[in-house]
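This report concerns the charged pairs, the strand packing and the cysteines of one protein. Please consult the sequence and the structure alongside the text.

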Amino acid sequence: MNVSHPLDLTRLKVLPLEQRRSLTKVEEILIDPESPPPAPSPELEAAVARCAEKIRAARERNASVMLIYGAHLLRNGAALLIDKLLGQGLVTHLATNGAGTIHDWEFAWLGRSTESVEENVATGTFGTWAETGRNIHLALLAGNLRQEGYGGSLGRFIDEDGVDLPSLVELTALLRSEPEHPLAGARADLLQAMTLHGLAGGAVEVSHPWKHASIVASAFRHGVPMTVHPGIGYDIISNHPMFNGAAIGRAAEMDFRKFAGSVEQLDGGVVLSIGSAIMGPQVFEKTLSCVHNLRFQEGRPAVRDHAFYVVDLQDGGGWDWTQGEPPKSNPAYYLRFCKSYSRMGGEMHYVQADNARFVQLLTHHLFRKDDLGFRKYERVVANHAALPGRILFVKSSPR
């Protein structure tokens, strides 16, 4: 009988990230929020205009506007667009997968990202980049002591250019004196990592010259929840001697709970799922079920009056998703990124479009000075200026 043995990943040889041939550069991809978007089709223009109105209405009633995105949205240059939406309170929650944060960190630190999977798997170098795995793990291991979650931990790490680590003596003393403390597992994870990889306590400085290209750091600066929903073995940080599934899992668990907290505030809100074919719909359906479970125990109704705008390049199967899901005999039934959201009780719209251009056009609509809806929204904000907790949008001055 053949018995397989786990690979010893601590023996992996990692290489400096600067040696990698990276396929995308910050200066080549970033979209200027003030630049006019390419002329859309009438159908896309109408869909984006409706979406903008839904977002304005949601923020008027203090409902969640959640942007769930895949890594390509970042790689296609949407970071500055999203920063503008966050800064004006028009998006209240961001969520992405592990890949979205890996490209994010590499852009912020090196100014470039993305590698050839085919070429580098063949040479055993795919994902084996010293700084990427090391620094993302450091951010999570330290952030778990604050229970910040994956997105919050990495956002702080980028924005503050590093992290402060407790000493080995301090961690050991805490584990001995408080073995049943809720943070005992996180402390043990960090202690083990510091011991195995020769890390000393104190300040670990990691400069991020391109942090303006980081969506994760932008969310941290603006105080907007940024949740990350990774899979163990999905992401290149697994290809590293510091790989720690427990640390990743602790951070992701907190982010799942934060995501559910934003779903709790979704009545009359909007969900934008842009280029997230699997993670977004899968996480959303579980969190909505949790929210309903708790609401029904309290005698409260289900989440209602919310809208979904699902955006992807994939053909929607020629199906009108506002009418519900198609029968199993229709190939469109197997489009998970549409089907799951269509089951979630809200108003469902599918928009076939380039993801970054959709966000650019949406941003343009939300900030158009000649738009009646924009002017109405400004008046609503002005009328509520004296009410605590209602100032959700402040019009920026033109550059």
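The sections below treat salt bridges, then a strand with its neighbours, and then cysteines.

**Salt bridges**

The structure is a predicted model. Across the whole of this model, a search finds 22 salt bridges. Side chains of opposite charge can pair when their charged atoms come close. The table gives the pairs that are discussed individually here.

| Pair | Closest N to O distance |
|---|---|
| Arg56 and Glu53 | 2.4 Å |
| Asp159 and Arg221 | 3.7 Å |
| Lys286 and Glu285 | 2.8 Å |

The pair formed by Arg56 and Glu53 belongs to a single element, helix α2 (residues 42–60), where the two residues are three positions apart, about one turn of the helix. Arg56 counts as buried because its relative accessibility is 3%, below the 20% cut-off. Glu53, by contrast, has a relative accessibility of 38% and counts as partly exposed.

The salt bridge between Asp159 and Arg221 has another setting. Asp159 belongs to helix α8 (residues 149–159) and Arg221 to helix α11 (residues 215–222), so this contact ties together parts of the chain that are 62 residues apart in sequence. Asp159 is partly exposed, at 22% relative accessible area, and Arg221 is also partly exposed, at 38%.

In the pair of Lys286 and Glu285, Lys286 is partly exposed at 36% relative accessibility, and Glu285 is partly exposed at 21%. Because buried means under 20% relative accessible area, the value of 21% places Glu285 in the partly exposed class.

Salt bridges also occur as a network, which links Glu264, Asp267, Arg295, Glu298 and Arg300.

**Strand β9 and its neighbours**

How many residues of strand β9 (residues 307–312) are buried? Six of the six are, and the strand is thus described as mostly covered. In a regular strand the side chains alternate between the two faces of the sheet. In β9, Ala307, Tyr309 and Val311 point one way, while Phe308, Val310 and Asp312 point the other way; all of these residues are buried.

Strand β8 (residues 270–274) runs parallel to β9 and is joined to β9 by five bridges. Within this pairing, Ile274 stands opposite Val311 of β9. Between β8 and β9 the chain passes through helix α13 (residues 279–297), and the resulting β-α-β crossover is right-handed.

Strand β10 (residues 347–352) is also parallel to β9, with six bridges joining the two. Here Val351 of β10 is the bridge partner of Val311. Together, β9, helix α14 (residues 336–342) and β10 form a right-handed β-α-β unit. Val311 therefore has a partner in each neighbouring strand, Ile274 on the β8 side and Val351 in β10, and its side chain is buried by the under 20% criterion.

**Cysteines**

A disulfide is a covalent bond between the sulfur atoms of two cysteines. How many disulfides does a search of the whole structure find? The search finds zero. Cys51 is accordingly in no disulfide, and the nearest cysteine sulfur, that of Cys338, lies 15 Å away. Because a disulfide requires sulfur atoms within 2.5 Å, the distance of 15 Å does not meet the criterion.

Is Cys51 buried or exposed? Cys51 counts as buried, with a relative accessibility of 0%. Cys290, in contrast, counts as partly exposed, with a relative accessibility of 37%.

How values were computed. Residues numbered from 1 in each chain as written. Predicted model: local features only at pLDDT ≥ 70, side-chain atom pairs only at ≥ 80, totals over all residues. Heavy atoms only, no water. Salt bridge = Lys/Arg side-chain N within 4 Å of Asp/Glu carboxyl O. Helix = DSSP H or I, 4+ residues; strand = E, 2+ residues; numbered from the N terminus. Buried < 20%, exposed > 50% of the residue type's maximum accessible area, 1.4 Å probe, protein only. Pairing = 2+ DSSP bridges. Right-handed = clockwise from strand over helix to strand, strands pointing away.
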